[in-house]
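Thanks for making time this morning. I have one structure to go through, and I will start with the charged side chains before moving outward.

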Amino acid sequence: MVKNLLKKEIKLNASVQFLIWFILAPFFEFIPNYPRYIGPFYFTVAALMCFTWGLQNRDMLYTVTLPVKRNDVVLARCIFLASCEIAILILSVIFGLIAEYISPSNMFEAGIHTNTAFAGLTMIL
């Protein structure tokens with residue numbers, strides 16, 4: 001049942017803005033002299049927009065009419081957002097390492113470099 005609710009979350013609550021930020025957030029790692037943690041932060045803001053998008057679409061009214069447990073509804077939303085955040089973390093670290101490898105040493109002076117502190121900061125965001 002959670003699998004079907006997860007499909008519902010993807011189809012109803014993943015707005016266009018959410019998908020655009022999901023695609024573009026890792027590419028912020030390539031912008032010279034731009035803090036690296038801004039891409040994952042913008043995606044976090046877009047993830048919060050999923051809740052607003054659900055209110056506009058009356059997602060809760062639709063979900064209440066389904067024969068599912070409330071715990072499954074909450075679990076599906078948490079799994080959806082957590083899996084997207086983990087994917088952004090992994091993609092940001094991978095793209096950050098690529099940017100560190102292909103760029104000159106003075107290209108990224110703002111913020112922190114891609115290391116374990118960056119991954120930890122991204123998890124906090």
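This is a predicted model, and it holds four salt bridges. I will take three of them in turn.

Start with Arg-77, which is found in helix α5. Is Arg-77 buried or exposed? Its relative accessibility is 13%, so Arg-77 counts as buried, the cut-off being under 20%. Side chains of opposite charge can pair when their charged atoms come close. What does Arg-77 pair with? One partner is Glu-9, and the closest N and O atoms of that salt bridge are 2.9 Å apart. That pair links distant parts of the chain, since Arg-77 sits in helix α5 and Glu-9 in helix α1, residues 2-13, with their positions 68 residues apart in sequence. Glu-9 is buried as well, because its relative accessibility is 1%.

The other partner I want to show is Asp-59, whose side chain meets that of Arg-77 in a salt bridge at 3.1 Å, N to O. This pair also links distant parts of the chain: Asp-59 is in helix α4, Arg-77 is in helix α5, and they are 18 residues apart. Both Asp-59 and Arg-77 are buried.

Glu-9 has a further salt bridge, to Lys-8, at 3.5 Å, N to O. Lys-8 has a relative accessible area of 9%, so Lys-8 is buried too.

Now put those together. Which residues end up in one network? Through shared salt-bridge partners, Lys-8, Glu-9, Asp-59 and Arg-77 are joined into one. As for the wider surroundings of Arg-77, leaving aside neighbours within four places in sequence, Arg-77 is in contact with Glu-9, Asn-13, Phe-51, Asp-59 and Met-60.

Next, the largest pocket. Its volume is about 180 Å³. Two members of the network, Glu-9 and Arg-77, are among the residues that line the pocket, and the lining also includes Met-60, Thr-63, Val-64, Leu-66 and Lys-69. By type, the lining divides into six nonpolar residues, one polar and four charged. Which helices supply the lining? Helices α4, residues 59-64, and α5 each give at least two residues. The largest share, four residues, comes from α5.

On to the nonpolar side. The largest nonpolar core is made up of 10 residues: Ala-14, Phe-18, Ala-25, Phe-43, Ala-47, Cys-50, Phe-80, Leu-81, Cys-84 and Ile-88. Helices α3, residues 38-56, and α5, residues 70-102, each supply at least two of these. Helix α5 gives the most, with four residues. For one example of the packing, take Ala-47: not counting residues up to four places away in sequence, Ala-47 touches Phe-18, Leu-81 and Glu-85.

So much for the details; now the chain as a whole. How many helices and strands are there? The chain has six helices and zero strands. Of its 125 residues, 34% count as buried. The C-alpha trace spans about 55 × 25 × 20 Å along its principal axes. Among contacts between residues at least 6 apart in sequence, 82% join residues at least 24 apart. The Arg-77 to Glu-9 salt bridge, at 68 residues apart, is one pair that links distant parts of the chain.

To recap, helix α5 gives the most to the largest nonpolar core, and the largest share of the pocket lining, and helix α5 also carries Arg-77. That is where I will stop.

Notes. Residues numbered from 1 in each chain as written. Predicted model: local features only at pLDDT ≥ 70, side-chain atom pairs only at ≥ 80, totals over all residues. Heavy atoms only, no water. Core = buried A, V, L, I, M, F, W, Y, C linked by side-chain atoms within 4.5 Å. Buried < 20%, exposed > 50% of the residue type's maximum accessible area, 1.4 Å probe, protein only. Contact = heavy atoms within 4.5 Å. 1 Å grid on protein atoms, 1.4 Å probe; cavity = no way out; pocket = protein on both sides within 12 Å on 5 of 7 lines; lining within 4 Å. Points joined across faces, edges and corners; volume = space filled by probe spheres on them. Nonpolar A, V, L, I, M, F, W, Y, C, P; charged D, E, K, R; others polar.
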